[in-house]
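Please open the structure in your viewer, with the sequence panel beside it, and keep the selection tool ready for a walk from one site to the next.

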Amino acid sequence: MAGVALALSAATLGGCAVRVVAPPPPPPPRVYVRPPPPPPAYVEPAVDVEVQANEAPPPLPDYEQPRCPEEGYMWTPGYWHWSGGGYYWVPGTWVQPPRVGVLWTPAYWGFVGGVYAFHGGYWGPHVGYYGGVNYGYGYIGVGFAGGRWQGNSFAYNRSVNNVNVTNIHNTYNETVINNVTINKVSYNGGPGGTAATPTPQEKAAAVEPHVPPTAMQHQHVQEAAKNPALAARTNGGHPAIAATPRPAAFNAPGVVGAHGAAMTPAAAAAGAAHTPGQPGQQNGAATGAARTPGQPGQPGQSGQGFVRTPGQPNGAARTQGQPGQPNGVARAQGQPGQPNAVAHAQGQPGQPNATAHPQGQPGQTAAKPQPPKPAKPQPQRPKPEDKKGEREK
């Protein structure tokens, strides 16, 4: 009986058993996985020194390239730089590279994030990106067509460079096809800027080893920043020192001015042309040469940016039809040479060391009137009739 009871009890419990399901284990904690980085974008050279401005740089001035001073120098185009007071022009110049085999990538301005950012130039084995700005003389916006290295010597392309083949023999002549719009825009992007983007070759050049500007190039920029005549607010975008034959040689022979440039204060102090009879002149001399504004400077002349009348000693402009005057002084028409090259008004006698000016001109040393000399008494000679009467008597 007991066994039957146990069997029945086991059957009853087996039919009424409840299945208990265990809860699932908690999910593992989520781990943040950083997405793969995007492909590298264009990176500016490490030597760039960023300067920002809220206004666009002026257009590039139009100027002639000075002659290469000697073999081994390389051309670096001029550009607008920025200081606290505004833009100033850094003249183009011929410089010696820091080592064999490097080329110059010019500085440029780019419009980024609502401001104009300056990217400095650098030396490298290849020319990099410079904003598509057409600086001329081989820098047509992309690459450089002004020369190339041939071993340890640099060869100049005569079609775009001003070189003297008598002194520089390593040259060639190769036509440069300009596919960039020829204008004077000096910045990339933004309203009115160039629309160029870096080419694959320029991107590759950006990551190459670079050499910063040389000490002479730094001095060149510093001298330009200190020269008030190079400020855009002073020269109106037409600097009288647009390019130099060597770095920081702003007063050397061969300096050229931009087309339409005005005379620099230094040139005015050295010898500005004054019109005879103007106030404030001492000794009445027309000091310096009379120059015509708005013309490019001539090599070897003081006061760059002005053309003197050809054929005159010391570059002086004289009135047509006048005989050559010493020291190149302009004299009034029809007057003979005066001592000390003094310009006299028409009809006035020459006064030594003093200018005879029209009456009423301020600032002039008046010529003292000379008192009339008394006429010498002439002996009275008898008339022929009187002598005849005496004979008759």
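The tour below goes from sheets to pockets and ends at a single loop residue.

This is a predicted model, in which local features need pLDDT of at least 70 and side-chain atom pairs count only at pLDDT 80 or more, while totals for chains, interfaces and linings use all residues. Residues are numbered from 1 along each chain as its sequence is written, and side-chain values use heavy atoms, with hydrogens and water left out.

**The four-stranded sheet**

Select β1, β8, β7 and β13, which in that order form an open sheet of four strands with mixed pairing; strands here are DSSP runs of E with at least two residues, helices are runs of H or I with at least four, and both are numbered from the N terminus. Two strands count as paired if DSSP finds at least two bridges between them. At the edges of this sheet are β1 (51-53) and β13, each of which pairs on one side only.

Next, narrow the selection to β7 (residues 108-112) and β8 (residues 115-119), which run antiparallel and are joined by five bridges. Two residues lie between the strands of this hairpin, where Gly-113 takes a positive phi near 60°. Within the pair, Phe-111 of β7 stands opposite Tyr-116 in β8, and Tyr-116 is also the residue opposite Ala-53, since β1 and β8 pair in the antiparallel sense over three bridges.Moving to β13 (residues 187-188), you will find that it pairs with β7 in the parallel sense over two bridges, with Asn-188 as the bridge partner of Gly-110.

**The three-stranded sheet**

Now select β2, β5 and β14, which form an open sheet in that order, again with mixed pairing. Here β2 (74-76) and β14 (243-244) stand at the edges, each with a single partner strand, so one side of each is left without a neighbour in the sheet. The pairing of β2 with β5 (residues 92-95) is antiparallel and runs over three bridges, and Trp-75 has Trp-94 in β5 as its bridge partner.

**The two pockets**

For the largest pocket, select Tyr-79, His-81, Pro-213, His-218 and Val-221, the closest to its centre of the 23 residues that line it. A pocket is here an open set of points on a 1 Å grid over the protein atoms alone, where a 1.4 Å probe fits and protein lies on both sides within 12 Å along at least five of seven lines, and lining residues have an atom within 4 Å of a point. The space in this pocket is about 420 Å³, a volume being the space filled by probe spheres set on the points, which are joined across faces, edges and corners. Extend the selection to β3 (79-83), β5 and α3 (215-226), the elements that give two or more residues to the lining; α3 gives the most, with five. By class, the lining has 14 nonpolar, nine polar and no charged residues, where Ala, Val, Leu, Ile, Met, Phe, Trp, Tyr, Cys and Pro count as nonpolar, Asp, Glu, Lys and Arg as charged, and the others, Gly among them, as polar.

The second largest pocket, with about 370 Å³ of space, is found by selecting Asn-134, Tyr-135, Gly-136, Tyr-137 and Lys-184, which lie nearest its centre among 20 lining residues. Its lining has 11 nonpolar, seven polar and two charged residues.

**A loop residue**

Finally, select Asn-170, in the loop between β11 (153-157) and β12 (171-172). Asn-170 is buried, with a relative accessible area of 18%, buried meaning under 20% with a 1.4 Å probe and protein chains only. Not counting residues up to four places away in sequence, Asn-170 touches Glu-71, Gln-150, Ser-153, Phe-154, Ala-155 and Tyr-156, contact meaning heavy atoms within 4.5 Å. The side chain of Asn-170 also reaches the backbone oxygen of Phe-154 at 3.4 Å.

Key
Buried means under 20% relative accessible area, exposed over 50%, partly exposed in between (1.4 Å probe, protein chains only). A polar contact is a pair of N or O atoms within 3.5 Å; within protein, one must be able to donate a hydrogen and the other to accept it, and residues adjacent in sequence count only if both atoms are side-chain atoms.
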